[in-house]
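Subject: Structure for your review

Dear colleague,

Please find below the structure that I am handing over to you. My findings follow it, arranged by topic.

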Amino acid sequence: MHTATLRDRKSVKTVVDEAKNKGLKVGFVPTMGALHDGHLSLIKQAQSENDIVICSIFVNPTQFNDATDLDKYPRTVEADIALLDSIGTTYAYTPTIDDIYPNGDELKEEINFGGLDLEMEGAFRPGHFQGVGQVVGILLDIVQPTHLYMGQKDFQQFSLINFMIKDQGRDTILRVVPIKRAEDGLALSSRNARLSAEIRAKAPIIHDTLQEINKYQNAMSIGELTGMAMGKLRAIKNFNPEYVIIADGYTLKPITDITKHDYVVVCTAVWAGDVRLIDNVIIKGGL
Ligand code: AMP
């Protein structure tokens with residue numbers, strides 16, 4: 001089976017209209033490319049629950065608050081399409097910037113995320129989530145999928161898109177897929193390709209540290225747990241953690257007592273050399 005490439009929104013509309021007229025289910029996986037096994041696990045779940053699957057590859061400029069990060073973001077479209085083809089993905093949607101933003105990319109109105117955008121990443125990446133909401137909204141308008149697939153890897157991202165979908169009354173169902181990790185525990189990420197060998201070798205410490213919080217959650221206070229984690233990460237040469245936050249899984253607000261919440265996640269963002277990595281572990285309750 002060959003993955004067909006759709007280059008503009010009109011082609012997407014044609015295939016989606018045809019599928020929906022036949023009563024078929026459409027699964028949608030938005031990505032920024034440089035695909036890895038994490039992305040493929042989303043696509044595989046989409047395949048198991050839909051008749052056709054569209055994977056978009058679009059490095060969205062409006063969600064990059066750092067121009068260097070946008071510049072250095074890996075772009076490997078040919079290899080991506082070969083990978084999509086190898087698992088029998090129905091369609092790749094590879095729009096141009098003009099196809100996504102025909103009237104310019106200025107956001108007309110602030111997107112309501114119920115305040116979820118102000119927590120954790122919100123403090124370090126101003127404007128990032130407005131850009132994410134903007135592009136996901138446009139992509140959902142174009143694709144009109146039955147199901148949308150997002151990764152647990154970006155915990156705050158799926159949480160606020162979940163809010164946005166409900167708030168805007170969109171009729172797509174969000175499915176969240178667990179984090180895919182390398183054998184040594186590092187969460188797979190397109191940005192991992194930019195890590196030096198020395199830093200890559202140390203990077204599993206991020207997941208180890210989150211697991212340690214999980215292990216000692218009943219034995220230490222929140223302050224002790226996060227203090228221990230920050231200390232461990234700071235101790236690694238060229239590692240600089242921005243935050244380790246133990247948060248309520250629904251509100252994303254930092255908590256003070258794990259026993260008072262039934263869904264708890266620990267999230268972190270760490271500069272590993274000049275690459276910013278994020279990770280999380282759900283330490284109570286489930287997705
Ligand atoms: P990105 O290309 O980084 O924008 O990611 C596209 C989608 O893949 C997002 O919903 C991510 O959360 C998801 N994703 C990225 N890495 C992983 C991973 N290691 N495990 C599961 N999902 C992932």
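How many disulfides does the count come to? By the rule applied, the count is zero. A disulfide is a covalent bond between the sulfur atoms of two cysteines. Two cysteines may nevertheless interest you: C55 is buried, at a relative accessible area of 0%, and C267 is also buried, at 5%. Please bear in mind throughout that this is a predicted model.

The nonpolar cores

In soluble globular proteins, nonpolar side chains tend to be buried together. In this model the largest nonpolar core holds 45 residues. The members that touch the most other members are V12, I54, Y93, I100, L148, F155 and I161. Helix 7, which spans residues 128-143, supplies the largest share of this core, with nine residues. A second, separate core has 27 residues, among them A203, I206, I258 and V270.

Two members of the largest core may be described in more detail. Leaving out residues up to four places away in sequence, V12 touches L6, I54, Y93, I142 and V143. I100 belongs to helix 5, residues 97-100. I100 counts as buried because its relative accessible area is 1%, under the 20% cut-off. With residues up to four places away in sequence again left out, I100 touches R9, F58, Y93, P95, V135, I138, L139 and I142. As a guide to distances in the model, I100 and R234 lie 40 Å apart in space, C-alpha to C-alpha, and 134 residues apart in sequence.

Cavity and pocket

How many cavities of 30 Å³ or more does the count come to? The count comes to one, and the volume of the largest cavity is about 50 Å³. The residues that line the largest cavity are K153, L186, A187, S189, N192, I206, L277, I278 and D279. By type, this lining divides into five nonpolar, two polar and two charged residues. Strand 9, residues 275-284, gives the most to the lining, with three residues. I206 appears in this lining and also in the second nonpolar core.

The second largest pocket has a volume of about 370 Å³. Its lining consists of 20 residues, and those nearest the centre of the pocket are Y101, L107, Q134, I138 and D141. The lining of this pocket is made up of eight nonpolar, six polar and six charged residues. Helix 7 gives the most to it, with six residues. Helix 7 therefore has a part in two of the features described here: it gives the most to the lining of this pocket, and the largest share of the largest nonpolar core comes from it.

Helix 10 and its cover

Which residues of helix 10 are buried? In this helix, residues 205-215, they are I205, I206, H207, T209, L210 and I213. The elements that cover these buried residues include helix 9 (197-202), helix 11, strand 7, strand 8 and strand 9.

Residues in loops

Most residues other than glycine have a negative phi, and most peptide bonds are trans. N238, which is not a glycine, has a positive phi of about 70°. N238 is placed in the loop between helix 11 (222-234) and strand 7 (239-248). L252 is likewise not a glycine and has a positive phi of about 65°. The loop that holds L252 runs between strand 7 and strand 8 (264-272).

Are these two residues buried or exposed, or in between? N238 counts as partly exposed because its relative accessibility is 45%, which falls between 20% and 50%. L252 counts as buried because its relative accessibility is 0%, under the 20% cut-off.

A further loop residue is Q152, found between strand 5 (147-151) and helix 8 (155-167). At 9% relative accessibility, Q152 counts as buried. Apart from its neighbours within four places in sequence, Q152 is in contact with F158, V176, V177, P178, I179, N280, I282 and L287. Q152 and T62 are separated by 90 residues in sequence and by 22 Å in space, C-alpha to C-alpha.

With kind regards

Notes:
Residues are numbered from 1 along each chain as its sequence is written. This is a predicted model: local features need pLDDT of at least 70, side-chain atom pairs count only at pLDDT 80 or more; totals for chains, interfaces and linings use all residues. Side-chain values use heavy atoms; hydrogens and water are left out. On a 1 Å grid over the protein atoms alone, a cavity is a set of points where a 1.4 Å probe fits but cannot get out, and a pocket is an open set with protein on both sides within 12 Å along at least five of seven lines; lining residues have an atom within 4 Å of a point. Grid points are joined across faces, edges and corners, and a volume is the space filled by probe spheres set on the points. Helices (H or I, at least four residues) and strands (E, at least two) are DSSP runs, numbered from the N terminus. Ala, Val, Leu, Ile, Met, Phe, Trp, Tyr, Cys and Pro count as nonpolar, Asp, Glu, Lys and Arg as charged, and the others, Gly among them, as polar. A nonpolar core is a set of buried Ala, Val, Leu, Ile, Met, Phe, Trp, Tyr and Cys residues joined through side-chain atoms within 4.5 Å. Buried means under 20% relative accessible area, exposed over 50%, partly exposed in between (1.4 Å probe, protein chains only). Contact means heavy atoms within 4.5 Å. A disulfide is a pair of cysteine sulfur atoms within 2.5 Å.
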